[in-house]
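Here are my notes from going through this structure, written for someone in their first year. Keep the 3D view open while you read, and click on each residue as it comes up.

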Amino acid sequence: PPNKLFSEDIKFFKNKLANNINFSFSKYADGEWAVMQNTSINNSEFWFDKDSEQDQLKRSMLLDSFKFQHPQYYVGISCPCCQGQNTFLEMLERCGQPEDMVTWANIWVNKNYRYYQANILPIYSQRKTVLYCHKEGDLDSLPFTPDKVFPISKNAWEHDWNLIEESKRYIEEEHIEDHVFLFCCGPFGNVLCHQLTDFNDSNTYLDVGSTLNPFLKCEGFSRDYYMGNNFFANQ
């Protein structure tokens, strides 16, 4: 299982990818945690209104994904150094996951992003990939060619809920197995990761967050970790 060391857990997942061992990874950082804490949020990529009945349904789906248990389903939570010891402990308790199935929400980013670029991005070229990204993303700049792209809008879990069933139909009708599904769609990626793992665990489902932003160039806001040699790039 992951040993919880930031620089080592990413190698654990890289080895699974390189050896065609299917698994799922769903990450819950500060934005997802705010929603689960029932705090309204708008970060220009997704938003949540705690007073909206429809948004409470989304929150329920997000919480379901956080607590979903499966022998291939890994949950990434906030680390004590980034969000504080209390948040870390509360997330660990609330997800209810066996500790062997818990790792870090920021496993792909910060100082690990250099490893991600050098060792994980190339694997996407060797595997069949399915990408969920903003409809205005620059697909030609990606360092790999997805076999299938599901375009999304900003605040995808408001506008693209239909993609859950569309994705299931795609997997079933096209007999999709051993593909790598990449979710770049905020908390909607958590919901998709849960729903598709539960539907068919013969693929790999990865919440990769903002890691493809430098190529897609359609982010709602830029992250420091990919902007050069700065604090977060070395954290």
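The numbered points below go through strands, a core, helices and a few backbone angles.

1. First, a reminder about what you're looking at: this is a predicted model. Keep that in mind for every number that follows.

2. Let's start with strand β8, which covers residues 180-183. Val180 and Leu182 point one way from the strand, while Phe181 and Phe183 point the other way. Are these four buried or exposed? All of them are buried.

3. Now look at who pairs with β8. Strand β6 (residues 129-134) pairs with β8 in the parallel sense, over four bridges, and Tyr132 stands opposite Phe183 there. Strand β9 (residues 204-207) also pairs with β8 in the parallel sense over four bridges. In that pairing, Phe181 sits opposite Tyr205. Trace the chain from β8 through helix α9 (residues 187-199) to β9 and you've followed a right-handed β-α-β unit.

4. Strand β1 (residues 24-27) shows alternation too: Ser24 and Ser26 point one way, Phe25 and Lys27 the other. Yes, the serines and the lysine are on the buried list here, since all four residues are buried. β1 pairs with strand β4 (residues 73-77) in the parallel sense over four bridges, and the bridge partner of Ser26 in β4 is Val75. β1 also runs parallel to β9, joined by two bridges, with Phe25 opposite Leu206.

5. On to the packing. In soluble globular proteins, nonpolar side chains tend to be buried together. The largest nonpolar core in this model has 69 residues. Which of them touch the most other members? They are Trp108, Tyr116, Tyr124, Tyr132, Phe181, Leu206 and Leu212. Helix α6 (residues 113-126) supplies the largest share of this core, with six residues.

6. Trp108 deserves a click of its own. Leaving out residues up to four places away in sequence, Trp108 touches a list that includes Ile10, Phe13, Phe25, Tyr116, Leu206 and Asp207. You've already met Phe25 and Leu206 as a facing pair between β1 and β9.

7. What about Asp207, which is found in strand β9? Its relative accessibility is 1%, so Asp207 counts as buried. Leaving aside neighbours within four places in sequence, Asp207 is in contact with Phe25, Ser26, Lys27, Trp108, Phe183 and Asn190. Asp207 and Leu182 are 25 residues apart in sequence, but their C-alpha atoms are 6.1 Å apart in space.

8. Asp9, in helix α1 (residues 6-18), is another aspartate to look at. Asp9 has 1% relative accessibility, so this residue counts as buried. Asp9 and Thr103 are 94 residues apart in sequence, with 7.2 Å between their C-alpha atoms. Their side chains are joined by a polar contact of 2.7 Å. Not counting residues up to four places away in sequence, Asp9 also touches others, among them Pro2, Asn3, Trp104 and Ile107.

9. Next, view helix α8 (residues 163-173) down its axis. Its buried residues are Leu163, Ile164, Ser167, Lys168, Tyr170 and Ile171. Why do they lie on the same side of α8? They cover an arc of only 160 degrees around the axis, which puts them on the same side. An α-helix has 3.6 residues a turn, so residues three or four places apart point the same way. Glu172 and Glu173 are exposed on the other side of α8. The buried residues of α8 are covered by parts that include α3 (53-67), β6, β7 (148-152), β8, α9 and β9.

10. Last, some backbone angles. Most residues other than glycine have a negative phi, and most peptide bonds are trans. Just after α8, His175 takes a positive phi of about 55 degrees. Asp178, in the loop between α8 and β8, has a positive phi of about 60 degrees although it is not a glycine. Asn38 has a phi near 65 degrees and lies in the loop between α2 (30-36) and β2 (41-42). Asp178 is partly exposed, at 40% relative accessible area, and Asn38 is partly exposed as well, at 28%.

Terms used
Residues numbered from 1 in each chain as written. Predicted model: local features only at pLDDT ≥ 70, side-chain atom pairs only at ≥ 80, totals over all residues. Heavy atoms only, no water. Buried < 20%, exposed > 50% of the residue type's maximum accessible area, 1.4 Å probe, protein only. Pairing = 2+ DSSP bridges. Right-handed = clockwise from strand over helix to strand, strands pointing away. Core = buried A, V, L, I, M, F, W, Y, C linked by side-chain atoms within 4.5 Å. Contact = heavy atoms within 4.5 Å. Arc of directions from axis to C-beta. Polar contact = N/O pair within 3.5 Å; in protein donor to acceptor, adjacent residues only side chain to side chain.
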